[in-house]
Amino acid sequence: MTPLISVNRLCKSFPGVRALHDVQFELVAGEVHALMGENGAGKSTLMKILAGVYTRDSGEMLYDGKPVDFTSPREAQALGIGIIHQELQLMNHLSVAQNMFIGREPRKGFGVFLDEDKLNAQAREILARMHVNLDPRTIVGTLTVASQQMVEIAKALSFDSRVLIMDEPTSALNDAEIAELFRIIRQLKERGVGIIYISHKMDELKQISDRVTVMRDGEYVATVPTADTTVSAVIGMMVGRTLANTAPYEGTQSTGEIALEVKHLNAGPLVRDVSFSLHKGEILGFAGLMGAGRTEVARAVFGADPIESGEIFVRGVKANIKRPSDAVAHSIGYLSEDRKRFGLATSMDVESNIVMSNLGKFLSLRVFLRRMQIRKRAAHFISLLAIRTPSPTQPVRLLSGGNQQKIVIAKWLERDCDVLFFDEPTRGIDVGAKSEIYKLLRALAAQGKAIVMISSELPEILRMSDRVVVMCEGRITGELSASEATQESIMHLATQRESLKAA
Ligand SMILES: Nc1ncnc2c1ncn2[C@@H]1O[C@H](COP(=O)(O)OP(=O)(O)OP(=O)(O)O)[C@@H](O)[C@H]1O
Ligand SMILES: [Mg+2]
């Protein structure tokens, strides 16, 4: 059988970075081919070449057995290669339907007017096929990241592609949404579509893929049938060494002294009468399903969203937090789940982003010294978090997705807050770097920092949390000690719907 896509000896360099070197890859019709590798391994770059976003420096690329040279994404799309990008590429001010059919909207009146009804109907049909409950007229900028990701997927599906590239499609989806996506993938597979699947969630590998190709440092490592390999073998190939398996919970370092206390907080429908306390040296896990209100609690405490009622005490003193700068003044930091919108100045360079939230510290220094100090701090975090960048002056937007996330973490660490909210801190981060981040959170707690860790990954919650607060529909439905917290006890609390209880 002629492969749908085959590439050989592919090379691609960016200034100062050898992103791909002698890479080979093959995709056949009807397979789900997982592409694995650490942050910065070159996965997205390879996919962007297949999708016509970048051109290769050298090497061979065959589509249906014939040599091809795409000069634009449109060309690749016309031949049936669709891509769901890692970085969402939606227009925030346009509606769901407009985003899905941008540039190919149905027209009426001799092509002069946009056929709004037809547009929405077409979009509605695709969303319904996906079992996604979204009004096609909703403005995309008002949607959650998860819904935006669903729109991106719907858009890719609307092209009827023969090849569909999914670059971390599930990073912001909850379990039900992931199950829905997998159902769609299996359907596409049956129709003979070839799917390339990129993810850092190792358990998805076994669930969905037929073959897996591993890349490391821009080079091809191996391709194996998924059934013939194990997750730890794949990890071994990715990092070139074996990693310790998920370590168990390590025990608390808390002194019991209260760092933050939240009393009867109300802020919109997803923060209802929320009360909790956070101790120095503690990691408090916030568990719950996507949309349970965990992010909203963090945003309200941080002053990013208005509070209707309730009180916040920092180290026993009542704090009046109206905006994020008030929170920062109280030494509260919030590492947002939506790094793009709230976390980074992507056109600025790596070192400026790292020191940005703490620039004041450097301002008293003479210009030359300031440069030196900033560079030193940046170098510290680049090595601490193993950030892959050719230099500290590289614009952040040119880094791989996972490395951008590490910059957000570095930025908040540099700020040295006493209370830190980490919202999905390991989303999009490779397995090796994940355990580094866990170590780092433990080290911060050992220094006496108080940490709230919001996470949708239960293994992460169970491994890291000294206590677990569980939310459902804007309310705290329970609190568990580390010894009480299990997959079952958390899921039980996470699904305790107020609306069902009343019925
Ligand atoms: N447009 C660009 N300009 C300069 N360097 C780039 C550009 N795009 C990617 N790179 C670099 O190429 C390397 C590979 O990046 P790529 O985005 O392909 O990694 P990835 O495997 O997708 O990682 P992640 O898992 O973090 O998404 C990285 O070192 C990255 O910084
Ligand atoms: Mg990538």
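Here is a short conversation about ligand 1 and the domains in this predicted model.

Reader: What should I know before we start?

Author: This is a predicted model, where local features need pLDDT of at least 70, side-chain atom pairs count only at pLDDT 80 or more, and totals for chains, interfaces and linings use all residues. Residues are numbered from 1 along each chain as its sequence is written, chains are lettered from A and ligands numbered from 1 in the order in which they are written, and side-chain values use heavy atoms, with hydrogens and water left out.

Reader: What makes residues part of the group that surrounds ligand 1?

Author: A residue counts if one of its heavy atoms lies within 4 Å of the ligand. For ligand 1, 21 residues do so, and Gly40, Lys43, Thr45, Ser400 and Gly402 are the closest.

Reader: Why is the pair between Gly402 and ligand 1 called a polar contact?

Author: A polar contact is a pair of N or O atoms within 3.5 Å; within protein, one must be able to donate a hydrogen and the other to accept it, and residues adjacent in sequence count only if both atoms are side-chain atoms. A backbone N or O atom of Gly402 is 2.8 Å from an oxygen atom of the ligand, so the pair qualifies. The side chain of Asn39 also has an N or O atom 3.0 Å from a ligand oxygen, so that pair qualifies too.

Reader: How do you know where ligand 1 lies relative to domain 1 and domain 3?

Author: Domain bounds come from an automatic or database domain assignment. Both domain 1 (5–239) and domain 3 (338–416) give residues to the shell, so ligand 1 lies between them.

Reader: What makes residues of domain 1 and domain 2 count as being in contact?

Author: Contact means heavy atoms within 4.5 Å. By that rule, 13 residues of domain 1 touch seven residues of domain 2. The two domains bury about 870 Å² between them, 59% of it on carbon and sulfur atoms; buried area is the accessible area (1.4 Å probe) that two parts lose on being put together, summed over both. Their C-alpha centres are 33 Å apart.
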